[in-house]
Amino acid sequence: MKNILFMHGGGPTAVINASLSGSIRELYDRKFDGDILYAPFGTGGLMKGKINKIPNLSDSDLIRLERTPGSAIGTGRDHLEGDDYDKLAKILNENNVGYVVMTGGNGTMDTCRKLSSAASKYNIVVAGTPKTMDNDLSVTDNSPGFGSAARYIAACVREASEDVLGLPIHACVIEALGRDAGWVTAASVMAKSGKAPGADIILVPEVPFDKDKFLTRVEKIHKEKGGVVIVASEGMRYSDKTPIVEPVFQVGRSVYFGDVSSHLSNLIIKELGIKARSEKPGILGRASISWQSDIDRAEAIECGRVSVRCALEGKNGYMSVIKRISSEPFKFEAIESPILDSILEARTLDESFIDKENMFINESFIDYAKPLIGSIGNDFCSFV
């Protein structure tokens, strides 16, 4: 019997391990009698010939796995060249691996597609499971990882806006993850609670940053309210596509941006003379199990199951995706789809979701995202 091997790629999410759990559950249900293996830290580990066996897991183990942050088998961002795919395929064949399931975002799914081609000469089937909190995979309604990251930022902005409501003397700039697409940043629109409006300004990378327009908007809101809550994507750029803060460094598609929130808060202080502070949740927003979305976890589990089915049924170069059946009540189905050559093209926010004039997000986005996020707590009680 051939073995099956799992690999994770890219940044972890709050539900990447839920997909792994779903895959293992599917294998158990099918009474798979090969070894269930993993390459620690993804393709980088496999390139070094590192392959480990996943032990037998009880149902309680799998439930804990579904609620474990980070990557339980390790993940990586290794850059592969043309010949590397043949080397990986050879290592898989030497270890009697007949099936591979890779979990990740755009880059990982592109790697999955290329490996499926290289491994086909050994009759090895490679399938993919979607994962990205950025929600920028174009072939799926949403990506496992997004719902939880969106829930986290909405909850944080809700609490921060209550703080600013109670001491309305400054601008608070909160930086959200999102290199090319503003899905997570836009989720802050759902922070409104009671008297606190949540975010006052939401800056997404789909809209070029206009310094003068931004400062004018901040000054107007500050005069009206005293306090301003701003949520800005880490990937903010000017109209010529240059980042508003020079990246710390870049390797391939991996970009480590500078502190956008710090830059904007300093801009407010220097240009407007308004007290400002910056906040940058960073990986806290992608790893928080306390704010893990139930729907996000359920989608991740089902995607993990479907990916295994694709692999065992010989569907090479396929991945699982989410199909939305209805929004109210929310119903979804995990289905299969071929991994397209265009998988690296990031899906950005629909124009209909963006209020460019007011630097905000429209109600239509809430209709899309709210079912994925779930509740972010009860309304607060404020007297001011």
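Helices and strands are DSSP runs, a helix having at least four residues and a strand at least two, and both are numbered from the N terminus. The model to be toured with those labels is a predicted one.

**Stop 1: the loop after H1**

Select lysine 31, which sits in the loop between H1 and strand S2 (36-38). Its backbone deserves a look, for lysine 31 is not a glycine and nevertheless has a positive phi of about 55°. Most residues other than glycine have a negative phi.

**Stop 2: H1 against H3**

Step back from that loop into helix H1 (residues 16-29), and add helix H3 (residues 59-66), whose axis and that of H1 come within 7 Å and cross at roughly 155°. Because angles over 145 degrees count as roughly antiparallel, H1 is described as roughly antiparallel to H3. On the H1 side, show Asn17, Ala18, Leu20, Ser21, Ile24, Arg25 and Tyr28, and on the H3 side show Asp59, Leu62, Ile63, Leu65 and Glu66, since together these make the contact. Coloured by class, the residues of this contact of H1 with H3 divide into 7 nonpolar, 2 polar and 3 charged.

**Stop 3: H1 against H11**

Keep H1 in view and bring up helix H11 (residues 294-312), where the two axes come within 7 Å and cross at roughly 50°. That angle makes H1 oblique to H11, and the crossing in which H1 passes H11 is right-handed. H1 contributes Ala18, Ser19, Gly22, Ser23, Arg25, Glu26, Leu27 and Asp29 to the contact, while H11 contributes Arg297, Ala300, Ile301, Gly304, Arg305, Val308, Arg309 and Leu312. By class, the contact of H1 with H11 has 6 nonpolar, 4 polar and 6 charged residues. Ala18 and Arg25, listed here for H1, are also among the residues of H1 in its contact with H3.

**Stop 4: H4 against H5**

Next select helix H4 (residues 82-94) together with helix H5 (residues 106-119), which pack at an angle of about 65° with their axes 9 Å apart. H4 passes H5 in a right-handed crossing. To display the contact, pick Tyr85, Asp86, Leu88, Ala89 and Leu92 of H4 with Thr111, Lys114, Leu115, Ala118 and Ala119 of H5. These residues of the contact of H4 with H5 divide into 7 nonpolar, 1 polar and 2 charged.

**Stop 5: the enclosed cavity**

The count of cavities of 30 Å³ or more comes to 1, and the volume of the largest cavity is about 70 Å³. To outline the largest cavity, select its lining, made of Met133, Ala149, Tyr152, Ile153, Glu175, Ala176, Leu177, Val184, Pro281, Gly282 and Gly285. Helix H6 (146-166) and strand S7 (171-176) are the elements that give two or more residues to this lining, and H6 gives the most, with 3 residues. The lining of the largest cavity divides by class into 8 nonpolar, 2 polar and 1 charged.

**Stop 6: the second largest pocket**

Move now to the second largest pocket, where about 330 Å³ of space lies. Of the 16 residues lining this pocket, Val189, Met190, Ala191, Lys192 and Ile366 are the closest to its centre and make a convenient selection. Strand S16 (360-361) and helix H12 (363-373) each supply at least two residues of the lining, with H12 giving the most, 4 residues. By class, the lining of the second largest pocket has 10 nonpolar, 3 polar and 3 charged residues.

**Stop 7: a cis peptide bond**

Finish at proline 329, in the loop between strand S13 (318-327) and strand S14 (330-338). Which geometry does the peptide bond from glutamate 328 to proline 329 have, cis or trans? The bond is cis, with omega near 0°. Most peptide bonds are trans.

Definitions and conventions:
Residues are numbered from 1 along each chain as its sequence is written. This is a predicted model: local features need pLDDT of at least 70, side-chain atom pairs count only at pLDDT 80 or more; totals for chains, interfaces and linings use all residues. Side-chain values use heavy atoms; hydrogens and water are left out. Axes are lines fitted to C-alpha atoms, for helices over the stretch in contact, and angles run from 0 to 180 degrees between N-to-C directions. A crossing is left-handed if the near helix is turned anticlockwise from the far one by less than a right angle, and right-handed if clockwise. Contact means heavy atoms within 4.5 Å. Ala, Val, Leu, Ile, Met, Phe, Trp, Tyr, Cys and Pro count as nonpolar, Asp, Glu, Lys and Arg as charged, and the others, Gly among them, as polar. On a 1 Å grid over the protein atoms alone, a cavity is a set of points where a 1.4 Å probe fits but cannot get out, and a pocket is an open set with protein on both sides within 12 Å along at least five of seven lines; lining residues have an atom within 4 Å of a point. Grid points are joined across faces, edges and corners, and a volume is the space filled by probe spheres set on the points. Angles under 35 degrees count as roughly parallel, over 145 as roughly antiparallel, 65 to 115 as roughly perpendicular and the rest as oblique.
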